[in-house]
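I opened a fresh notebook page for this chain and jotted down what I looked up. Come along and read with me.

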Amino acid sequence: MPSQSTMSLKSWSRVVQERDHHTCQKCGTQTGRLVAHHIVPRKDNPSLTFELTNGKTLCYICHSVVHKICYDCLLDNPSITDVLSRYRPKQKSKE
Ligand SMILES: [Zn+2]
Ligand SMILES: [Zn+2]
């Protein structure tokens with residue numbers, strides 16, 4: 001699949017998020033910043049970098065948790081605090 005190698009990370013990320021209907025695959029949110037996460041880290045298997053089945057849409061918060069990024073560091077960022085405030089109230093189950 002030679003065309004895959006010409007795919008940019010940006011377009012890969014876009015396709016993954018479109019496939020997942022712009023919904024976090026962990027908590028189900030559709031608000032806030034969404035990112036395409038590599039299930040198998042690129043450093044572990046670079047050949048899977050543009051593999052769509054290796055991509056998963058996560059919100060910024062869940063992505064941070066997956067990568068074990070310091071939560072408190074995120075709180076220093078005002079735009080993230082805004083996301084958190086929407087995230088924290090227990091989400092009622094909806095469609
Ligand atoms: Zn999430
Ligand atoms: Zn990731």
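**Entry 1: the overall layout**

I started by listing the elements, and I found five helices and two strands in the chain. The model is a predicted one. Reading along the sequence, I noted the order as α-α-β-β-α-α-α. I then looked up burial, and 16% of the 95 residues count as buried. I also checked contacts between residues at least 6 apart in sequence, and 56% of them join residues at least 24 apart.

**Entry 2: how far to trust it**

I looked up the confidence next. The mean pLDDT of the chain is 79, with 65% of the residues at 70 or more. Where is the confidence lowest, and where is it highest? It is lowest in helix H4, residues 71-75, with a mean of 51, and highest in H2, at 96. I left myself a reminder that predicted coordinates should not be read in detail where pLDDT is low.

**Entry 3: the two strands**

I turned to strand S1 (34-38) and strand S2 (55-59). They pair in the antiparallel sense, and I noted five bridges for the pair. For one example I looked up Leu34, whose bridge partner in S2 is Cys59.

Is S2 enclosed or open? I found that five of its five residues are buried, so S2 is largely enclosed by the rest of the structure. I sorted its residues by direction: Gly55, Thr57 and Cys59 point one way, while Lys56 and Leu58 point the other way. Both groups are buried.

**Entry 4: the nonpolar core**

Which residues make up the largest nonpolar core? I wrote down seven: Cys24, Leu34, Leu58, Cys59, Tyr60, Ile61 and Cys62. S2 and helix H3 (60-66) are the elements that give two or more residues to this core. H3 supplies the largest share, three residues. Leu34 and Cys59, the bridge partners from my last entry, both belong to this core.

**Entry 5: the loop between the strands**

I picked Ile39, which sits in the loop between S1 and S2. Is Ile39 buried or exposed? Ile39 counts as exposed, because it has 12 C-beta neighbours inside 10 Å and the cut-off for exposed is 12 or fewer. Leaving aside residues up to four places away in sequence, Ile39 touches Asn54 and Lys56. I also looked up its distance to Gly55: the two are 16 residues apart along the chain, and their C-alpha atoms are separated by 6.0 Å.

**Entry 6: the loop between H2 and S1**

My last stop was the loop between helix H2 (9-19) and S1, where I found His21. His22 is in that loop too, and so is Gly28.

The backbone of both histidines caught my eye. Most residues other than glycine have a negative phi. Yet His21 has a positive phi of about 55 degrees, and His22 has a positive phi of about 50 degrees. I counted neighbours as well: His21 is exposed, with 9 other C-beta atoms within 10 Å, and His22 is exposed, with 12.

Gly28 comes out as partly exposed, because it has 13 C-beta neighbours inside 10 Å. I then looked up its distance to Leu58, and the C-alpha atoms of Gly28 and Leu58 are 8.6 Å apart in space, with their positions 30 residues apart in sequence counted as separation. Leu58 is a member of the nonpolar core from my fourth entry.

Terms used:
Residues are numbered from 1 along each chain as its sequence is written. Chains are lettered from A and ligands numbered from 1 in the order in which they are written. This is a predicted model: local features need pLDDT of at least 70, side-chain atom pairs count only at pLDDT 80 or more; totals for chains, interfaces and linings use all residues. Helices (H or I, at least four residues) and strands (E, at least two) are DSSP runs, numbered from the N terminus. A residue is buried if 20 or more other C-beta atoms lie within 10 Å of its own, exposed if 12 or fewer, and partly exposed in between; C-beta atoms are placed from the backbone. Two residues are in contact if their C-beta atoms, placed from the backbone, lie within 7 Å. A nonpolar core is a set of buried Ala, Val, Leu, Ile, Met, Phe, Trp, Tyr and Cys residues joined through C-beta atoms within 7 Å. Two strands pair if DSSP finds at least two bridges between them. pLDDT is the predictor's confidence in each residue, from 0 to 100.
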